[in-house]
Amino acid sequence: MIRFLEQLGRYFILLKKVFSKPEKPSLYYKQTLHEMIYLGFNSIGIISIISFFMGAVITLQTAYNTENPIYPTYLIGLGCRDSIILEFSSTISALILAGKVGSNIASEIGTMRITEQIDALEMMGVNSATYLILPKILATLIFNPLLTLISIIVGIVGGGLAGTLSGVITLDDFIYGIQYAFIPYYITYSMIKTLVFAFLITSVSAFQGYHVSGGSLEVGRASTKAVVFSSILILLFNVILTQLLLS
Amino acid sequence: MIIAKNIDKSFNGKKVLDNVSVTFEPGKTNLIIGRSGSGKTVLLKSIVGLHDIDNGEIWFEDVLFNKLDFKGKKDIRRQMGVLFQGSALFDSMTTEQNVRFPLDMFTDDSLEEKNERVNFCLKRVDILNANKLFPAELSGGMKKRVAIARAIALNPKYLFCDEPNSGLDPITAILIDELIKEITEEYSMTTIVNTHDMNSVMEIGEKIVFINEGVICWEGNKSEILKSDNEILNDFVFANSLAKQLRSSQK
């Protein structure tokens with residue numbers, strides 16, 4: 001328990017350091033753009049592939065579980081849309097990004113720590129926490145909602161294709177279903193979750209990397225911890241946010 | 001002038017520096033020598049503020065450095081250049097970008113002015129035609145030179161070098177030592193070099209401090225070091241058999 005509180009305290013101290021005034025905002029702007037490409041744009045591929053197959057599976061499973069003449073077939077499209085918007089695109093994408101982006105951030109910052117690059121920054125009078133972590137947080141906060149939107153669109157397209165190609169639903173019914181009783185607030189809910197998850201993934205992973213001491217073995221451990229802790233926190237905050245925003 | 005007064009530093013209850021007091025002379029190449037694990041790097045990192053000391057005082061001229069807040073330390077650190085043991089060049093940046101980094105961060109010069117300074121610094125350390133190379137494409141000696149170029153980019157008042165020639169062949173090591181000495185004289189810097197290399201001691205040691213098990217055992221210059229009666233120092237200086245033979249023939 002004491003160890004947990006100590007780590008929590010160190011995490012908030014790091015966050016305080018991260019959100020201090022940058023030395024030269026123009027440099028941070030460039031760095032943020034760079035991180036948006038590195039952490040965000042480069043994740044479009046994996047998010048699209050996963051979302052496509054996720055949408056396909058959701059449609060097929062919904063179809064096989066609602067094989068009853070009482071239920072109109074367009075409900076398959078509706079179920080696919082709501083599952084993707086409410087849960088899969090924000091939460092599953094965040095878990096995937098925790099693995100891809102989180103481990104990347106922890107190992108990059110951890111390697112910089114053990115090779116004294118962070119010390120070099122500090123010695124130049126640069127706030128290393130702000131310089132290394134703030135652009136990553138900003139980049140993911142800006143880009144991850146876009147990834148979620150891509151995931152929603154690709155997921156629904158995947159669902160539509162799988163449904164029509166397998167013959168469980170016609171394209172017209174699917175399109176009717178995804179338009180039926182649409183609640184725009186669900187998109188807001190999904191975006192709020194995405195922003196919180198983006199912050200958790202980046203800050204927790206950066207924290208793990210920033211406090212590495214030792215060698216390459218510890219960098220590997222930090223990378224693993226970054227993925228594990230971010231994933232657990234994503235699931236925990238998923239419950240909290242769902243209760244707060246949908247109840 | 002840099003003064004360390006009664007410095008104590010422990011890690012997990014193990015005392016690494018024990019009441020260390022030493023004065024580093026301005027405009028000179030000051031050397032901290034000692035065996036591996038003797039506390040040299042901890043002393044150097046304590047002086048520059050990378051380690052918080054348990055007790056004691058660190059003075060840069062008339063400023064009590066270890067009592068300054070983060071912003072105060074930042075101001076003093078902008079007058080420091082540091083050469084780390086592993087060079088600590090930024091992997092994601094080219095040679096040119098590495099040297100330009102402090103200029104980008106702390107000056108409002110135009111890109112042309114910054115590039116001019118970068119080229120001057122790289123030329124000063126004899127790095128030619130490597131502006132676009134990444135650290136992974138440089139040899140160990142080149143990395144050290146680029147790190148020196150980066151350290152002097154902002155014309156620092158103090159230069160700190162942690163094992164500048166570790167992992168280098170003897171000839172390259174001497175070239176790096178000479179470069180450090182030349183730059184120290186050229187810019188009238190106060191330089192502190194951490195080393196266990198006796199070649200460095202004999203090449204550039206204007207003031208030498210010998211540390212053993214966290215305690216300062218001896219202070220002097222390179223001519224005095226060969227005549228010292230300090231047994232621990234002599235064991236270190238005349239460690240190899242050839243040096244031992246020379247020592248006994250002198251006696």
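Q: Which pattern does chain A follow when read along the sequence?

A: In this predicted model, chain A reads α-α-α-α-α-α-α-α-α along its sequence. Its secondary structure amounts to nine helices and zero strands.

Q: What does the C-alpha trace of chain A span along its principal axes?

A: The spans are about 70 × 40 × 35 Å.

Q: How many of the residues of chain A count as buried?

A: A residue is taken as buried when 20 or more other C-beta atoms lie within 10 Å of its own. In chain A, 44% of the 247 residues count as buried.

Q: What share of the contacts in chain A joins residues 24 or more positions apart?

A: Counting contacts with a separation of 6 or more, residues 24 or more positions apart account for 88% in chain A.

Q: How should a helix with buried residues be read, and which residues are buried in helix 3 of chain B?

A: An α-helix has 3.6 residues a turn, so residues three or four places apart point the same way. Helix 3 of chain B covers residues 95-106, and its buried residues are Thr95(B), Glu96(B), Asn98(B), Val99(B), Arg100(B), Phe101(B), Pro102(B) and Leu103(B).

Q: What do these buried residues of helix 3 of chain B pack against?

A: They pack against two helices of chain B, helix 4 (111-124) and helix 5 (140-152).

Q: How many residues does each chain bring to the contact?

A: Chain A gives 13 residues and chain B gives 14 residues. On the side of chain A that touches chain B, helix 5 (residues 117-123) of chain A supplies the largest share, five residues. By class, that side of chain A holds five nonpolar, three polar and five charged residues.

Note on methods
Residues numbered from 1 in each chain as written. Chains lettered and ligands numbered in written order. Predicted model: local features only at pLDDT ≥ 70, side-chain atom pairs only at ≥ 80, totals over all residues. Contact = placed C-beta atoms within 7 Å. Helix = DSSP H or I, 4+ residues; strand = E, 2+ residues; numbered from the N terminus. Nonpolar A, V, L, I, M, F, W, Y, C, P; charged D, E, K, R; others polar. Buried ≥ 20, exposed ≤ 12 C-beta atoms within 10 Å, placed from the backbone.
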